[in-house]
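Let's take a walk through this protein together, starting with how far the coordinates can be trusted and then moving to the way its helices pack.

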Amino acid sequence: MKTILMLCCLALTLSVWSQATQKKTTQPQPKQVTVQTKKTVITKEPPMGNAVSPEIVEKFYENLVSIAEKDLENFATPSYMKYSSLHDDLVKLMNYQFLELDSEIELSWFKKVDDFISFFYKTKRTNDLGFQAADSPKKIENKKRFETGLANFKKFLEKEPPKPKLERLEVLKRQKQEYEREKRLKEKTQGKGSDGKQKLFDGDK
């Protein structure tokens, strides 16, 4: 009798274990989440239609220094979104295919400038969205970090920006000449009618 009871208990235990194992293995697997990232779009035309030159680049970082200096003076005033706009402008500039050729500056230099913009943005955002008083230890620390970052940026600008390698410039020069040639040809073709004659008005056929 004891043997029968033991066998019954063993059978019941195996049955429960089997059901639990089956339930565990048939649980739905979590769906994989795909994170979509913005696709980099390289352009052949200067951003916002303005020609790029060393002088234009110089005005850009001088403006960045001016904004950061004013923010340091009035650190309690919210302003972190300015750096988001500056980042967007710089990304458009870096996506211009002939940036290195026109500016005579290596792309890596622009990426380092963007690192400083990111630092200013994050530091100022932390401060602007914080609920602490302006004279709290946390906000005093934020201001010191911002001041140090600005000083480092000014030191960075004192160095001569690296120039692209001659081989790189030659490649970009050929690519730009080819693009401008195709652009002129396309404009010339669009300016003629189907018979090959020059159109005087858009309505001419």
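**Confidence, core and a helix pair**

This is a predicted model, and its pLDDT averages 82 over the protein, with 74% of the residues scoring at least 70. Two stretches deserve some caution. Over residues 4-14, pLDDT stays under 50, and the model has 0 contacts beyond four places in sequence for them. Residues 199-203 also stay under 50, though here the model has 5 contacts beyond four places in sequence. Where pLDDT is low, the predicted coordinates should not be read in detail.

Now turn to the interior. The largest nonpolar core holds 31 residues, and those with the most contacts inside it are Tyr-83, Trp-109, Phe-110, Val-113, Phe-120 and Phe-153. Helices H2 (54-73), H3 (81-94), H5 (107-128) and H6 (137-158) are the elements that give two or more residues to this core. H2 gives the most, with 8 residues.

For a close-up, try Val-113. Leaving aside residues up to four places away in sequence, Val-113 touches Phe-60, Leu-64, Leu-90, Phe-153 and Phe-156.

How do H2 and H5 pack, and at what angle? Their axes lie 12 Å apart and meet at an angle of about 20°. Angles under 35 degrees count as roughly parallel, so H2 is roughly parallel to H5. On the H2 side, the contact is made by Val-57, Phe-60, Tyr-61, Leu-64, Ala-68 and Asp-71. H5 answers with Trp-109, Phe-110, Val-113, Ile-117, Phe-120 and Lys-124. The crossing of H2 past H5 is left-handed.

Definitions and conventions. Residues are numbered from 1 along each chain as its sequence is written. This is a predicted model: local features need pLDDT of at least 70, side-chain atom pairs count only at pLDDT 80 or more; totals for chains, interfaces and linings use all residues. Side-chain values use heavy atoms; hydrogens and water are left out. A nonpolar core is a set of buried Ala, Val, Leu, Ile, Met, Phe, Trp, Tyr and Cys residues joined through side-chain atoms within 4.5 Å. Buried means under 20% relative accessible area, exposed over 50%, partly exposed in between (1.4 Å probe, protein chains only). Helices (H or I, at least four residues) and strands (E, at least two) are DSSP runs, numbered from the N terminus. Contact means heavy atoms within 4.5 Å. pLDDT is the predictor's confidence in each residue, from 0 to 100. Axes are lines fitted to C-alpha atoms, for helices over the stretch in contact, and angles run from 0 to 180 degrees between N-to-C directions. Angles under 35 degrees count as roughly parallel, over 145 as roughly antiparallel, 65 to 115 as roughly perpendicular and the rest as oblique. A crossing is left-handed if the near helix is turned anticlockwise from the far one by less than a right angle, and right-handed if clockwise.
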